[in-house]
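Here is a short, friendly briefing to read alongside your model. Please keep the sequence and the 3D view open as you go.

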Amino acid sequence: MASALPPGAAPVPLIHRRSFRDFATQGVYVAITALVFAYVYVSLDLREFGFAFLNEPAAFNVANQWIVDVDGVTNSRITMYMVGVWSSIRAVMVAIALSTILGVVVGVARLSNNWLIARLAMLFVEIFRNTPLLVQVVLVYSVFLVGLPQIQNVIRIGDIAFVSQRGVALPWPVPDSGLWGAPEWFAGLWVLALLISAAVAMRIRAQLQERERETGQSQNANRRALTIFAIGAVVSYLVLGAPVSIDAPVVIGTHYSEGIVVNPEFAALVTGLTLYTGAFIAEIVRAGIQALPRGQTEAANAVGLSGYQRLTLVILPQALRQIIPSVTNQYLNINKNSSLAYAVLYDDLFRVANIVQNKAGHALEMFFVIIVTYMVISFVLSAVMNFFNSRVTVHEV
């Protein structure tokens, strides 16, 4: 068998072999990791590590916006923690939706030919992007507490909405027996009908937009889609016997009753997250649009598309390929920054976890639970956004 080395050549030293260096590097990494875990185990005495304390009675209450009523006497600490998790998810989802809308509007306004609109959009971005989020959240919270009247002098908006230091009370749909005395679960059927109507409307809208791109003629895609959705919603509502009614809020003493109440703590957190993150998303949208070749806009003008059609049919769909990855990072930041709810006394998962820690101890376990919870929420957000990113990414054949 012939030798792999040329005649007279010296063998390569072991230290210069890539396979040996890779093996040695991995060995050093494993050794350092093992030493860290050993140090943590010895110094923190992980033999006492456990989560049984989470099943004990909570002995405290938090602001509850969950589906069911809970209290600290009959419910466990893990149940109260899940209430905090739900509060965090509510704030994160609302902030994501509002910051996306705000960011797209401001980002497009930054490129407006109108000097005043473009400068106002730039001013918004520079102010909210360059000031700390904590300052914004606390400032908004102070405005809600100081700037709004007390509930005795509540601001009435047509006797259907109220604004005061107690928050904003709004009408809210609730299940009803309807016209025929149907059970309340008929409201769920109507929600299902709404989802089906929305899916059908979006499908027809996509087909009409495709026809617009092929012919260059307006098909009124949005108007037709909204009409189809409205017809489906009204017809299903009547067929099911009006299973949902509007619960209007009322003021009783120093509290709101009925309807839905947007608490100052929730409003301050969501508003701060929306303004701060919306400024970053606006710059991402602006950069994504400017990254497109100018020929795309010229081609849209050549086929006679209006400004709105150019934006919705040509510019934004292509810009999404550059926008979505960066926007995903901002969504993950919203999830992590929601922990600033502690500053405005909003009972999110971080604040509830700290209450559990103060009452039961087990700081290490609670911080482990907090880390895992934030990671799970972030992984879900990443998975959803990666799905959307795969749908808009161009795959070369």
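The notes below cover aromatic pairs, unusual backbone angles and a small set of paired strands.

Please bear in mind that this is a predicted model. Eight aromatic pairs turn up in a search of the whole structure, and two of them are described here. After those come two residues with positive phi, and then an open sheet of four strands.

**Aromatic pairs**

- The ring centres of phenylalanine 266 and tyrosine 346 are 5.8 Å apart and the ring planes stand at 55°, so this pair is tilted.
- Phenylalanine 266 belongs to helix H7 (residues 264-290), while tyrosine 346 sits in the loop between helix H9 (307-337) and helix H10 (349-360), so the pair ties together parts that are 80 residues apart in sequence.
- Phenylalanine 266 and tyrosine 346 are both buried.
- Tyrosine 342 and phenylalanine 350 have ring centres 6.1 Å apart and planes at 80°; the pair is edge-to-face because planes over 60 degrees apart count that way.
- Tyrosine 342 has 41% relative accessibility, so it counts as partly exposed.
- Phenylalanine 350, at 23% relative accessibility, is also partly exposed, because buried means under 20%.

**A charge over a ring**

- Phenylalanine 266 has a further partner: arginine 90 lies over the face of its ring, at 4.8 Å from the ring centre.

**Positive phi outside glycine**

- Alanine 59 is not a glycine, yet its phi is positive, at about 65°.
- You will find alanine 59 in the loop between helix H1 (18-44) and helix H2 (77-109).
- With 58% relative accessibility, alanine 59 counts as exposed, because the cut-off for that class is over 50%.
- Leucine 345, another residue other than glycine, has a positive phi near 60°.
- Leucine 345 is in the loop between H9 and H10, where tyrosine 346 is also found.

**The open sheet**

- Four strands form an open sheet in the order S1-S2-S3-S8, and their pairing is antiparallel.
- Strand S1 (155-157) and strand S8 (260-262) are at the edges with a single partner strand each, so one side of each has no neighbour in the sheet.
- On average, neighbouring strands of this sheet are turned by 15° against each other, direction ignored.
- S1 and strand S2 (residues 161-164) run antiparallel and are joined by three bridges.
- Across from arginine 156 stands phenylalanine 162 in S2.

Conventions:
Residues are numbered from 1 along each chain as its sequence is written. This is a predicted model: local features need pLDDT of at least 70, side-chain atom pairs count only at pLDDT 80 or more; totals for chains, interfaces and linings use all residues. Side-chain values use heavy atoms; hydrogens and water are left out. Rings of Phe, Tyr and Trp (its six-membered ring) pair if their centres lie within 6.5 Å; planes under 30 degrees apart count as stacked, over 60 as edge-to-face and the rest as tilted. Buried means under 20% relative accessible area, exposed over 50%, partly exposed in between (1.4 Å probe, protein chains only). A charge sits over a ring if NZ of Lys or CZ of Arg is within 6 Å of the ring centre and within 35 degrees of the ring normal. Two strands pair if DSSP finds at least two bridges between them. Axes are lines fitted to C-alpha atoms, for helices over the stretch in contact, and angles run from 0 to 180 degrees between N-to-C directions.
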